[in-house]
Amino acid sequence: MNEPHAQTGTAPGPVATTEPVVVLDGVIKRYGEVTALDGVSLTVRRGEFFGILGPNGAGKTTLVEIVEGMREADGGTVSLLGQSPWPRDTALLARIGVQTQASAFFARLTAGEHLRTVAALYGTDPDAVRIALERVGLTEKENARVDHLSGGQRQRLAIATALLHEPELIFLDEPTAALDPEARRELWALLRSLRSEGRTIVCTTHHLDEAEALCDRVAIVAGGRVIALDTPRGLIRALAAPARLMLPADELTAEAALALPGVDRATVEGDELVLETSAVNHVLTALGDLVDIESVTVRTATLEDAYLSLTGHGTEHRS
Ligand SMILES: Nc1ncnc2c1ncn2[C@@H]1O[C@H](COP(=O)(O)OP(=O)(O)OP(=O)(O)O)[C@@H](O)[C@H]1O
């Protein structure tokens, strides 16, 4: 049998604690006529990798900026590490790390110079630069100019910048935007290792596979509201979408497949027979007696399916 589609891969490492590090209660933010946040309540626990997902304009950036203390909410309460992030408190800011966008780098400096400049701003020990470069696998690029780094190296430098002062809580914004698949996977490994060190990570992303692979829990925001909040697995389970089993159409007829216990639907799509079932193991066992099991591909629902269903941008369990 072929490998099933990527499964929910919650990162290994310490289990998130129950201690709240970010608490929003009924947070409201308006920009003139636009209500960007319409009563957002959520809690991020220490040690969690927490994803914030949602369509463009959903209010994600506004939400994160309010938590970071960069914007003032119009209503509701916000607690960051037990304190109100507004009015801004520099002592509190020193306990969080914000991934800078590559455009915010000192472009003509080397990676090392850039980090030393940021370290000086934070009043951090200069040795932190060496440690941060090592941490993100950029030691050999210390003397390379920032504008000569690849996209993946820039994203690593952005994360190193956020890590310099050893923050308890890190905010990431689209950490793997514009990276090739290999660079994305390398960055995922780095992000997993940050989590396994016990850091709390709040990450906005449009990549559903990334959220599914990395996040302990995700909040789906739409129209300024949290419309779902759960583990990726919980959101997928709530979707209750059937699994799809695909096999060459010449191996079995749709009629014969429908006669198998557990098969809810059997359709021929091109040269494939597609079976829908909520009892994958039963159907696989039955198929084992009838067809070459190596030719069967299983595709279970993904976080993307749940997201599209919840945000109304798709209702089908797509393949
Ligand atoms: N400074 C601002 N002034 C006026 N309206 C704003 C401002 N910032 C955001 N908005 C509006 O508030 C809403 C939420 O925007 P926000 O940037 O928080 O969404 P987002 O989920 O981060 O979107 P994206 O995924 O596109 O970055 C949108 O309708 C946006 O147009």
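Helix 1 is the biggest contributor to the shell around the ligand, chipping in three residues. This is a predicted model, and the ligand site is a handy place to start reading it. Going along the chain, the ligand is surrounded by Tyr31, Val34, Ala36, Gly54, Asn56, Gly57, Ala58, Gly59, Lys60, Thr61 and Thr62. Two elements give two or more residues to that shell, namely strand 2 (34–45) and helix 1 (60–68). Sorted by class, the shell around the ligand comes out as six polar, four nonpolar and one charged residues.

Next up is a helix pair. Helix 3 covers residues 111–122 and helix 4 covers residues 127–135; their axes come within 9 Å and cross at roughly 125°. An angle of that kind falls outside the roughly perpendicular band of 65 to 115 degrees and is not over 145, so helix 3 and helix 4 count as oblique to each other. As for handedness, helix 3 passes helix 4 in a right-handed crossing. On the helix 3 side, the contact is made by Ala111, Gly112, Leu115, Arg116 and Ala119, while helix 4 brings in Ala128, Val129, Ala132 and Leu133. Sorted by class, the residues of this contact split into seven nonpolar, one polar and one charged.

Zooming out to the whole protein, the chain is divided into domain 1, spanning 20–237, and domain 2, spanning 242–300. Taken over C-alpha atoms, the centres of domain 1 and domain 2 are separated by 43 Å.

Definitions and conventions. Residues are numbered from 1 along each chain as its sequence is written. This is a predicted model: local features need pLDDT of at least 70, side-chain atom pairs count only at pLDDT 80 or more; totals for chains, interfaces and linings use all residues. A residue is near a molecule or strand if its C-beta atom, placed from the backbone, lies within 6 Å of it. Helices (H or I, at least four residues) and strands (E, at least two) are DSSP runs, numbered from the N terminus. Ala, Val, Leu, Ile, Met, Phe, Trp, Tyr, Cys and Pro count as nonpolar, Asp, Glu, Lys and Arg as charged, and the others, Gly among them, as polar. Axes are lines fitted to C-alpha atoms, for helices over the stretch in contact, and angles run from 0 to 180 degrees between N-to-C directions. Angles under 35 degrees count as roughly parallel, over 145 as roughly antiparallel, 65 to 115 as roughly perpendicular and the rest as oblique. A crossing is left-handed if the near helix is turned anticlockwise from the far one by less than a right angle, and right-handed if clockwise. Two residues are in contact if their C-beta atoms, placed from the backbone, lie within 7 Å. Domain bounds come from an automatic or database domain assignment.
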